[in-house]
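Visitor: I should like to learn how to read the parts of a structure and the places where they touch. Could you guide me through one case?

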Amino acid sequence: MREITFLEAIREALRQEMELDENVFLLGEDIGAFGGCFGVTAGLFEQFGAERVMDTPISESGIMGAALGAALMGLRPIPELMFIDFTPVCMDYLTNQAPKVRYMCGGQVEKLPLVIRTTSGGWIRAAGQHSQSLEGWFTQVPGLKVVMPGTPGDAKGLLTAAMRDNNPVLFIEHKVLYGISGPVPEEEVVIPLGKADIKREGSDITLITYGFMLQKTLAAAEELAGEGINAEVIDLRTLSPLDHDAIAASVHKTHKAVVIQEACESAGLAGLVIKSLMESSFDYLDAPIKTVAAYDTVIPFSPPLEDAMLPNEERILKAVKEIMG
Amino acid sequence: MQLPKEKLLEMYQKMFKIRIFEESLAEGVTAGTLPGFVHLGVGQEAVMVGVASALRATDWISGTHREHGLMIARDADMNRMRAEIYGKVTGYCKGKGGSMHLAVFDKCAPGCNGILGPNQTINNGIALALKKKGEGNIAVVMFGDGASHRGDFHEALNLASCWKLPSLAICVNNEYGISGCVDEVCSVEDISARSIGYGIPGLTVDGNDVMAVYEAVTETAKSIREGKGPVLLELKTTRYRGHFEGDPQAYRTPEELEGLKKRDAIVRFGKELVEQGIATEKELEELRDQAQIALQEAIDFEEKSEYPPMEEIFTDLYYEEGRAI
């Protein structure tokens, strides 16, 4: 299959959906002729014009409010929020407003098609206000789906699914993944939301992860294979709703688990995944579940410090070996 | 008065309906039968009726937690309104929104918002959708003097101005936040003066003069329909009751409260109708009697209605099916 980058996969999904449905439109800061801060929307302004690729002022609340209002009226807006670190300046819309409209009006609004695209993650040397992994906050908001792909193919399929879902979806793109290439179908492809994926089959231990940490986890799994440990890697892909069945099934098979996340130890998805496993799989476990995560501190600017603060392959290997004995 | 007698009498009756509907809610709070926070717009009837009467049924309008009356002015069903405010399944939102989140989408009224500010940015999205449809309808948003101090006000008006949206922002200045009086918390004498910062027209009108409100909204709506961009309209009015029911208003003197009643919008409009020979006192009395009957019907309807079944805890959270193309 043809290989393109994660960034190109996102752009292709946007383009194909915009070609199919004129109600789909983009809005955000510098996404027009400039092409987006990371270049994701490059070329879309030229193809679809200023009315469907709308540049906005620096007004995150203004963007989210306008997107929500347009979705209420049957349009299919896709606002771009440059960094997930900016969600706190428009948190009202992501927590009190969009996820609650349908419920609080008793279903008078049937569909609320709204995909909020944003970026997350470290290793870009941008320090504590542009590098965080805040996805865990949003899994605490019923009414909002949270999606975080780890490969180019999943990025295209999951984004297309998100755009065709009729609920608010927070779609999180890891900045380091943008440059990673992988097989992506040229035609439209839909990967259902809410389904985890076994990225590597194994029988000795289950490694549960998502986003960019999938890449590091797969690399660690290869190294473990060289040492005779056959790890299964589960990519959550959709963080809310979480695929409880997939993680339980794997742990029932391997009896051991490590949860790997880029978010710091006290946040993120690990707590939710472990809670799920405690409820579904306690009797199957041969060892306590371990977590690999960033340390509970601010992401430092200085590159050696950032690299040491964020989780890495070495820490994944260490956690696995502690369990395997 | 230029309007046909029938329309004027309808406006008078709506103002009276709002008054008694709201006062009956106050009785419910005192009696302990009405749960939750209830914010009444008693004293602000000319604002709600003046605005709603000047709009097309196909214009969209939203308000804040104090705008039950707006729904009555918009010809919503008082039975279903009352049921909603009491948390009954026959309510507009199946009892899941309540007083602060009453919404009547079939009257193009996406409702009250429990948070002050976001309805202003959401209105931009509604206006954008209306502009795209090109049927000449406008999006109207009402908010208090307090919400004009929020950042959302700034982001909303700046974006509406840049995009020349068909949006009318109405600041209902009743002089108080909860206890904070405009004298202490507002940087300008007239909030409409803030329009200068957005390069849009701003005007202040006596919000207790229903005809003045009607005329101001008619005129500004006309200019907005012609594509001239948004307007900020400030309506100065009076809040008789506390911020919420149960607020003893210790921050106001008895003289101030007594003085407000001299500006009573309903008494004033009734007097004008009689003095100008448009209606007799007897006709007005009949209109008031009819309104009392309608209120009693609403009370009976609500009392006979059931609370939602337990399944409603989960319904309406998500739209279940994705969209097929």
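**Domains, chains and a shared core**

Guide: Let us begin with the contacts between two domains, bearing in mind that the model is predicted. In chain A, 26 residues of domain 1 are in contact with 24 residues of domain 2.

Visitor: Which elements give two or more residues to the side of domain 1 of chain A that touches domain 2 of chain A?

Guide: They are α5 (135-138), β6 (145-147) and α6 (152-164) of chain A. Sorted by class, this side of domain 1 has 12 nonpolar, 10 polar and 4 charged residues.

Visitor: Where do the two domains of chain A begin and end?

Guide: The domain assignment places domain 1 at 3-183 and domain 2 at 197-324. Their centres, taken over C-alpha atoms, are separated by 26 Å.

Visitor: How many residues of chain A are in contact with chain B?

Guide: There are 38 in chain A, and they meet 35 residues of chain B. On the chain A side, α3 (60-72), α4 (91-104) and α6 each give two or more residues. The largest share, 9 residues, comes from α3(A). By class, this side divides into 17 nonpolar, 14 polar and 7 charged residues.

Visitor: How many residues has the largest nonpolar core?

Guide: A nonpolar core is a set of buried residues joined through C-beta atoms within 7 Å. Here the largest has 190 residues, and those with the most contacts inside it include A:A162, A:V258 and B:V213. Both domain 1 and domain 2 of chain A give residues to this core, so it lies between them.

Visitor: What does B:V213 touch?

Guide: Leaving aside residues up to four places away in sequence, B:V213 touches B:A46, B:V47, B:G50, B:V51, B:V205, B:G207 and B:L235.

How values were computed. Residues are numbered from 1 along each chain as its sequence is written. Chains are lettered from A and ligands numbered from 1 in the order in which they are written. This is a predicted model: local features need pLDDT of at least 70, side-chain atom pairs count only at pLDDT 80 or more; totals for chains, interfaces and linings use all residues. A residue is buried if 20 or more other C-beta atoms lie within 10 Å of its own, exposed if 12 or fewer, and partly exposed in between; C-beta atoms are placed from the backbone. Domain bounds come from an automatic or database domain assignment. Two residues are in contact if their C-beta atoms, placed from the backbone, lie within 7 Å. Helices (H or I, at least four residues) and strands (E, at least two) are DSSP runs, numbered from the N terminus. Ala, Val, Leu, Ile, Met, Phe, Trp, Tyr, Cys and Pro count as nonpolar, Asp, Glu, Lys and Arg as charged, and the others, Gly among them, as polar.
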